[in-house]
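Trainee: I have the file open and would like to go through some contacts and helices. Can we start with the chains?
Mentor: Fine, bring it up.

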Amino acid sequence: MPTRRKGPRDRRSAAPRTPAEAAPATEAASADDRPDGAAAPDTPVPGGPAAQSEGIAADLEPLADHGADAPGTPAPADALPAEEPTPAAEPAPAPGRAPRRNALFPLGVNHYPLDAETSGWDDWYAADPEADFAAFAEARLTLVRVFLSWKSLEPQVGQYADAAEDRLQELVEAARRHKLQLIVCFFADDRLAEMLDVPWGRKRDPHTDPYLLQRQTALIQRVVNRYRAEPAIFGWDLANEAFCTGFTSADDLAAWAETMRDAVREVDPDRPVLLSVDPETLFRHTGVDARAALGPSEIAVSHVTAPYRAYAAEGPLTSGPSTYLDSFLLRSASGGVPVLLDDVGVHSLDHSHAEESAAVRTALYSGLMNRAAGVLLRRWRDLDTERREPYFRDPFEVLVGVRDIDDEPKPVMSEVASFARVAARIDLRRYTLVQERTAVLLPAERFEPLPNLASLYDPRACLQAYIAAKEAHVPVTVVHEGDSLDPYSVIVVPSAFSLEDSTWERLSAWVQGGGSLLLSYGGGDAPDIVRELFGVEFLGDGGARATLSCRIAQPDVLGHLTSFDARLDVPSFALLGQAGATVVATDATGSPLLTLNQAGQGRAVLCAAPLERALAQGDPWAPPGAVTALLRTVYAAVASAAGCGAPVACDAPGVELGLFAGEGEDILVLLNHEPATVDVGLVFDRAVTAVADVRGGQPVVVGSTDLAVPLAANGALALRLSYG
Amino acid sequence: MADDDAARLYQAFVSQDPATAISVIEQARDGGMDQGALFDTLFAPAMALLGGAWASGAIDEYTFTQASVVAEQITSFATPPATAQDTGITVLVGSMHRDHHTIDKDIIAAALKDAGHRVIDLGADVRPSEFLERAEETGARIVLVSAQMMATARAVARVREMFAAAGRDDMLLLVSGGPFAADPALAREVGANGVARGAESALKLVARIARDRLGAGERP
Amino acid sequence: MTGRSQQVRLAEGLARQGHVAPAVNACYQALRIDESDPFVHCLLAELMLSGDFYDEAISAASRAIELDPECAPAYLALGLAYDRRGGMWDRSILVWHELAEVVPDLVTAHVQLGEAFAAAAFEEEAIDAWRRALELDPSEARAMYNLAVAALKREGMATALPGFRKAGELDPSQDDLFFSLAGVYDDGEEAPDPADVPPDRKSRIAAAYGLAFEEDYFAAAELIRLILDEDADDAEALGLASYLYLKQEAANEAMACALRALTISTRTPTAVYCLGVAFARRQGLARHAARVFSALAKAVPDEPMPHVLLAESLLALQRFSAARESYLTAVALDPACVRARFGLAAVLFTEGRHAEADWEIRRAAYHDTRRQGLFWALYDEYAEGRS
């Protein structure tokens, strides 16, 4: 519960109202899901579930980014289907009456055709969809992705099976009945239902074979033509990631996507067309760069896969970099279009229900706080599979749903429900996230093939930089090397081996024009431009070190730094000579570690060691505290000096903040990335008069700039703040 | 006084006289010294004297070794209790019917035993009726049911129902397992009085129950 | 059979020196000359593994084995990559089996096989594998840690604790702490003959530490006797004497010397350490041990081992959450501390956090195999066999 702070020395002072009076819940597991959940703001409306579902129609709205990801990029209104009202035209819900869903942040789920490993391919959506769709609606979902079976729909060349088409029709009707919208995925491989395995395909490759592409086009046009006026269809999804992993070249993928997209567009020019691949994870798995194929998509998709998690954050789910992975991929997938946070859920039954819940809670709130355009849960119901208790891994990523095989809701289901309630109360037309003016730059070398190891190291280093910025509470996003720098005030280049010459030139011009560049040396040679930009003479790479020593030469120039010696394998250390820059910190023997240079109207900070990469290659679950503190302090200082620092001062690095600014009042969302309870001390730049849980309850009078908020392990909280 | 006793104990060590050493300790105990304090106030100072004597050459290596052997013989008189005293609290422990997960249950049961509680471990796949039968048989009033799957966690409600049907509303039902850790509401739904989130949590819960019950003059 | 080409030797040399990027480059150069050289794929696997790039390591090691099924170091890299990648226990079990067949006396293969079995919930098979490892090498600490964890899962902490202690004693890191507290580091020079040591206190104590480091306890004790004969109140000498007794399983003598040292000066960290170890070995003195190790941890907060020792004494007191904090501190100070990783895993098991516990065990394996330099031993052996 939020409590008022009298001042810095009295953090635990009693508030005039008891916390219990203030709001229904601060715990991670929402109290309003509990039998005794006091003052639940959205208790069932009179008339029960049927009456509730009538209210859904007003909430139905297409995916839309709530504010462009990159400042200055065009608002995605042009991506909205014509028949839907534009967000600005729709009035905000009346205060006091809780909407059931967030119109601009829809939740959805993947609805797979089979629920049991023992089912055959011809059981494709054989079950009556009514109960499931009713449950989707009851769970406040908006979107349902269904997967077509080419094999079922076209058992013989050019002959479409009536029975299969009837089943698809049943799905559509069920969606319509329950005011849901379908995302129809044409070509998906779920490794179980043999959906792509057309018997007449004669082992031709469905990714490249011209004849099969022709047949795929025909199937798409048949389906789209049938449903082009169907309001229960939200959009068309060309393929899922499992199908796309079959491509061996970026050109083939781009050509296939273009053909299929054109096929849809010929029939339905309005609805969004997706390609459900996360370019970062797909590249990692296959080496195929999907960016060209994704280029014309109205909506992008981000998706943490099990192998990607093993690569980027191999460790406990509820701590360390794991908890930032969803939002990191979300940010890197954007490219200026709305991003659907896809396949949210855990990947194996290794985890306890508590860990599952915490992981999903983290992903959901991360999505909301990082501009996702919506969320799709991985699976509704667990796959009924061979029992190998107590552990069973899920190599095909189809096992773990939000309900068990008996269709009973798991604890993660109540997380989803609880989140839906919170999200519904954050009207993204009235409240907008504080703009991200800081970006972590993912170098182009990331897409280089082996033996260039940059492709392996860079994403991890960027993830660490992203985490450091989050720990500094700096609003941050991810940009690719070729992207425009103009929307940003601070660019972080973490431990890159090399940048393209044109990038150095652009960075130099951007700094001269007022940007703040924060670059850590990544090894190898440095271009001549470094001298001018950073005011240092590059004397070579001093090589690897097992200990990082930091001695502060200029206190408080880049935040309040302290000297330390930390055990950390640092792969390189640039030997620098002074050429105009201020040496802020050095190693134990006086070799510059941190320098600050005023270049033109901007500032350039150089760190002589690839700290982000070193942290990533060490044990990210046990990083030296002094090094992480150094990074976040410097990031915070640079961002603050550039006018884009933390919107709210916060003393808990592991707590992510998302400030949704409104008129006269704001909503602050807090997400604890640590698996331990934390008392969060917040300091605002103006006095907060009152604070309340967004779900309702009585506001607590504060009357101070300081606020103390206890947050449960991996917990989340959304507070409505009023100012005087 | 304690210094004198320590010197006497030291003397008993170097004299290789375990009987006297024991007598010194017993006298100290009879004089009101708590068992838990004997080591610090008596044994350790005597050992320091022994070390000093060896260092200064007052005793030779052989005597030092023999004295250490005597010290070894009487150590158990001077150390705090190695095992916790019997608390008199009986706890029935078992995994729910159709649940074969045992690791958490076994660790909790061992921790409770180690803390001096009387633990009756019914094993895995325990039917609700069996919890009731054993509670009647042993007089236990605390039952800890472990469940790791949603279905079995929900089924713990049947244990509560079984107790209620037998008029045993006084039974304290504790639950443990992932589903309960994830969703505290589930524990309330099944009629549990508390959720043990691991061994230490179970120890704290049982200790609290014991304190509350004993405070109220009840039999725990 | 052929030897390694010059290009392979270049890659090898770079890899041994830890120059990952140039070594990878050299491997790719070598592959351009001969794609079917198992050495290169094997080296690539190791290099990728060293960067935690599991999929690449799996791919390279698999290719090496495909080219030569006797390529033992490739099995090691493949098995480790499977284990760390997660979700591939069935394949991992097969690989460790294969390695145990290719190199029957390789203890680590059995330890890893056990861990793969345990991860797949085949506990009996896991225990058999660890026991086999201990038959091959009774001082294999990780097998002992694993057995302790297995005991914990079946019978709780009280049964597991002696196993953890025994494993800890097999682990050389504890002795390292003593010498670190004493300010003694391995300079690579042999300790002098006691007869040649100059008759001054400074030379004697330095030599005594050196001899103790080389496990020549009797010679070290002689020098200590000479120091104490000149000054019976030399706390540092008493601290070392205590250590020497501890190493000879004489816990009471060790305790007596340590207590005497601390009576003279409480600022004798070596004596504090020895006293804690002596207490930890006694039933009923866990609280005392915790108190002593807590003081030691405060005195040398940057040393991981006192936090581990404190955590172990807290385990005995069933103060699991406090133990977790101490283990976490130790891991933060030294992520390669295998003992802390296993201890942390044990605590996590007591809290029902199995996935995290398994991960800590995997991390322990990761650091332990790195520390041993096993890959290079197998590689050299393999190269010798092929030449």
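**Chain contacts and helices**

Mentor: In this predicted model, 27 residues of chain C are in contact with 26 residues of chain A.
Trainee: Which elements give two or more residues to the side of chain C that touches chain A?
Mentor: Those are α2 (20–33), α4 (54–67), α5 (72–85), α19 (320–333) and α21 (354–372) of chain C.
Trainee: Which gives the most?
Mentor: α2(C) does, with 5 residues.
Trainee: And how do the residues on that side divide into nonpolar, polar and charged?
Mentor: On the side of chain C that touches chain A, 13 are nonpolar, 8 charged and 6 polar.
Trainee: Back to α21(C). At what angle do the axes of α20(C) and α21(C) cross?
Mentor: Roughly 170°, and the axes come within 8 Å. Angles over 145 degrees count as roughly antiparallel, so α20(C) is roughly antiparallel to α21(C).
Trainee: Which residues meet there?
Mentor: From α20(C), Phe342(C), Leu348(C) and Phe349(C) are among them, and the residues they meet in α21(C) include Ala357(C), Ile361(C) and Ala364(C). The contact of α20(C) with α21(C) has 9 nonpolar, 2 polar and 5 charged residues.
Trainee: New topic, chain B. How many residues of α5(B) are buried?
Mentor: 11 of 12, so the helix is mostly covered, with 20 or more other C-beta atoms within 10 Å counting as buried. The buried residues include Asp104(B), Lys105(B), Asp106(B) and Asp114(B), as well as Ile107(B) and Leu112(B).
Trainee: What span does that helix reach?
Mentor: Helix α5 (residues 103–114) of chain B reaches 17 Å from its first C-alpha to its last, close to the expected 16 Å.
Trainee: What comes just after α5(B)?
Mentor: Gly116(B), with a positive phi of about 95°.

Key:
Residues are numbered from 1 along each chain as its sequence is written. Chains are lettered from A and ligands numbered from 1 in the order in which they are written. This is a predicted model: local features need pLDDT of at least 70, side-chain atom pairs count only at pLDDT 80 or more; totals for chains, interfaces and linings use all residues. Helices (H or I, at least four residues) and strands (E, at least two) are DSSP runs, numbered from the N terminus. The expected span of a helix is 1.5 Å times one less than its number of residues. Two residues are in contact if their C-beta atoms, placed from the backbone, lie within 7 Å. Ala, Val, Leu, Ile, Met, Phe, Trp, Tyr, Cys and Pro count as nonpolar, Asp, Glu, Lys and Arg as charged, and the others, Gly among them, as polar. Axes are lines fitted to C-alpha atoms, for helices over the stretch in contact, and angles run from 0 to 180 degrees between N-to-C directions. Angles under 35 degrees count as roughly parallel, over 145 as roughly antiparallel, 65 to 115 as roughly perpendicular and the rest as oblique.
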